[in-house]
Amino acid sequence: MTLFVSKTQERHRSRLVFGAVLATLLVLQPSFLRAAEEPISLEEISKTQAAKFFVEKKYQDSLHEFEKMEQQYPQSGIIKRYLASLYNALNQWEKAILKLEEAIQIKKDDLIARQMLGDIYVKQVNFEKAQEQFEMIQQQDDPKGRFGDYARKRLETIQQMTQAGASETGHRMSTQDFMKSEAAQTFAKGDFKKALESLDQLVLEYPEDPLIHRFRGITLMRLNQNKAATEALKEGTRKFPDNVAMHYYLAQVYFSLKKMEEARKEFRWVIEHDEASYRFKAQQGMFMTLGGGKPPKPWSLGVSQAYEFDTNAIYKPTDEAYRVSADQNSGRYATLFTGTYQAYHKGRWFVTPDLFYAQNIYNDFNNLNNFTPGGGLSGLCAFSLFGKPTFLNLREGGSATYLKRSLYSSANAFSASLISNLNKWFRTNLTYRWTYTNFHSDGSSAVLTNQDGHTHSASILNTVYMNDARTLYGTFGYDYEFADTRGRNYIKSMNGARAGLHFPILEKVEGDFGFVYKNSDYFKYDSAPPKRRDIIYTLTTDLSRPLFWDWMTAHLIYIFEDSRARNNAYEYFRHVIAAKLAAQF
């Protein structure tokens, strides 16, 4: 029985899954600015109550604390930028401008303050002053640098907006006149109700002006009148089909209404037709639509509870010579908790810590009851590769597995994934993972059965979408794994393949069909009988349906697994039937 329990433990550890992705915190200090140049450093500020309120978006409380800090450190450009950010968040743009101008007086080459100031001028539709700030940035930073590149894109956007608002035989309002209008002034002050009244009048006077149509749609969005905003922006795209900004904001309002397919269509149009700042924003928007229609939020919590019946819970061999008389069937309760929090988000960068806890409680084999807590930290970068939206995700994590009340193993893992949407129908995911695992026991003979060691694994998984709603898609991929353990019996090289199909059935019921093939060569196996090579086929089917609440899904699962091994001690087959409830918040 000991042999089969050991093999069971070996296989059960492979069931544990590391979780995680994405996230939000504001950093206003570049790496090249030395703390010595400031009367108070960013690190010191980050530990204050003011910064804590800022991260928690308690803007009034944060503003009160930073105003007190400004009295103590009147020459701190960082504090003035924080104050400007808070005034900006509260739509007090004139106060924000004043603080940024003070920061620039302290340090003429404060590129962050100039960038923030230019962005506020764009919000105010004061393109002349915005252009002045972005041109100053271009003079002070490398054109390919972080600030220089951003300034170039913003200047291109300003040029597009200026051209869009150019006067045309009396049918359009000049940009300068629009900037001076009551509509623009009230919009800049955050008085969107008055701005809408003025824009309604301007639309009647200048029905062919795309700038006015766009600002009317944006104003309706700011007033949370998303259905009206949709109609306004749809009318704008019909009248001005080549206006990139109009398509982008229409995508935004579709996203707010959780109309993900419509949002993807508009984001995709912007990506294909724009080379300036809207392109990158659309790529980020496209990524957010891939979450199935849920609006972004800084945290997530997942809970699942399943009951599984396994016809071969201890992986009993099919060869009678290696079988024991004990029962092999068992039910088990499988529980999983996952949680993530977006700790940082700046531009294209996201950082997300995560935690998880998994446990399996058996009806018949108490010695197999296992509990695994773990967690990690992920960093995601969104960028464009060959003109296609691409994402790089890095994760460092650890876990510990307990059998009953004793530590069984601990693991540390680093992974890197590159995800690219090559077109609307095809996505590819390249992943590398390094894992080091330490087992509490060396086994019966350390030179043979010690499983401590590291594992390198690489995989490619491709997804092909077959309809616009993305409810019908197939997956196929290749897996490779090399395990280098201290004990010779567990050194292995594995090659595998996988394929799957996700399809709608009826109403909200959806199905998943998956097949996995693994060919593992234990080329240094040295126990009797010698030679071990396992070929495992796994077939999985899953029927799922959301329940009465959006956050809960019911699953019926069937798994068939067949192991064909050169060493008969490792040949087995098993059937698993499971029912699961999963909730995602």
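This passage describes helix packing, salt bridges, backbone geometry and a nonpolar surface patch in a predicted model.

Two helix pairs were examined for their packing. Two packed helices are described by the angle between their axes and the distance between the axes. Helix α13, spanning residues 210-222, packs against helix α14, spanning residues 226-239, at an angle of about 165°. The axes of α13 and α14 are 8 Å apart. The two helices are therefore roughly antiparallel to each other, since angles over 145 degrees fall in that class. The crossing in which α13 passes α14 is left-handed.

A second pair is formed by helix α15 (residues 244-256) and α16, which pack at an angle of about 155° with their axes 8 Å apart. α15 and α16 are therefore also roughly antiparallel to each other. α15 passes α16 in a left-handed crossing. The loop between α15 and α16 contains K258, a residue that is not a glycine but has a positive phi of about 65°. Most residues other than glycine have a negative phi. K258 counts as exposed because its relative accessibility is 51%, and the class begins over 50%.

Helix α16, comprising residues 260-273, also carries an internal charge pair, E261 and R264, which are separated by about one helical turn because they stand three residues apart. The side chains of E261 and R264 meet in a salt bridge with an N to O distance of 3.2 Å. The partners differ in their exposure class: E261 is partly exposed, with a relative accessible area of 23%, whereas R264 counts as buried at 7% relative accessibility.

In total, the structure holds 24 salt bridges. Side chains of opposite charge can pair when their charged atoms come close. One such pair consists of D110 and R81, whose side chains meet at 2.8 Å, N to O. This pair links distant parts of the chain, 29 residues apart: R81 belongs to helix α5 (residues 77-89), and D110 to the loop between α6 (93-106) and α7 (111-123). D110 counts as buried at 6% relative accessibility, and R81 counts as buried at 1%; both assignments follow because buried means under 20% relative accessible area.

Another salt bridge joins D310 and R332, the closest N and O atoms being 3.1 Å apart. D310 lies in strand β1 (residues 299-310) and R332 in strand β2 (residues 330-341), so the pair ties together parts that are 22 residues apart in sequence. Both D310 and R332 are buried. These two residues also belong to a network of salt bridges that links E308, D310, R332, E561 and R574.

The loop between β1 and β2 holds Y315. Y315 has a phi near 55°, a positive value in a residue other than glycine. At 5% relative accessibility, Y315 counts as buried. The two residues with positive phi described here thus occupy contrasting environments, K258 being exposed and Y315 buried.

At the surface, V55, W299, L301, Y341, W551 and F585 make a nonpolar patch of about 530 Å². Among these residues, V55 lies in helix α3, which covers residues 49-55. V55 counts as partly exposed because its relative accessibility is 36%, a value between the cut-offs of 20% for buried and 50% for exposed.

Key
Residues are numbered from 1 along each chain as its sequence is written. This is a predicted model: local features need pLDDT of at least 70, side-chain atom pairs count only at pLDDT 80 or more; totals for chains, interfaces and linings use all residues. Side-chain values use heavy atoms; hydrogens and water are left out. Patches are made of residues with over 30% relative accessible area and no salt bridge: like charges are joined within 9 Å, nonpolar side chains (Val, Leu, Ile, Met, Phe, Trp, Tyr) within 5 Å. Accessible areas come from the Shrake-Rupley method with a 1.4 Å probe; for residues, only the protein chains shown count as cover. A salt bridge is a side-chain nitrogen of Lys or Arg within 4 Å of a carboxyl oxygen of Asp or Glu. Helices (H or I, at least four residues) and strands (E, at least two) are DSSP runs, numbered from the N terminus. Buried means under 20% relative accessible area, exposed over 50%, partly exposed in between (1.4 Å probe, protein chains only). Axes are lines fitted to C-alpha atoms, for helices over the stretch in contact, and angles run from 0 to 180 degrees between N-to-C directions. Angles under 35 degrees count as roughly parallel, over 145 as roughly antiparallel, 65 to 115 as roughly perpendicular and the rest as oblique. A crossing is left-handed if the near helix is turned anticlockwise from the far one by less than a right angle, and right-handed if clockwise.
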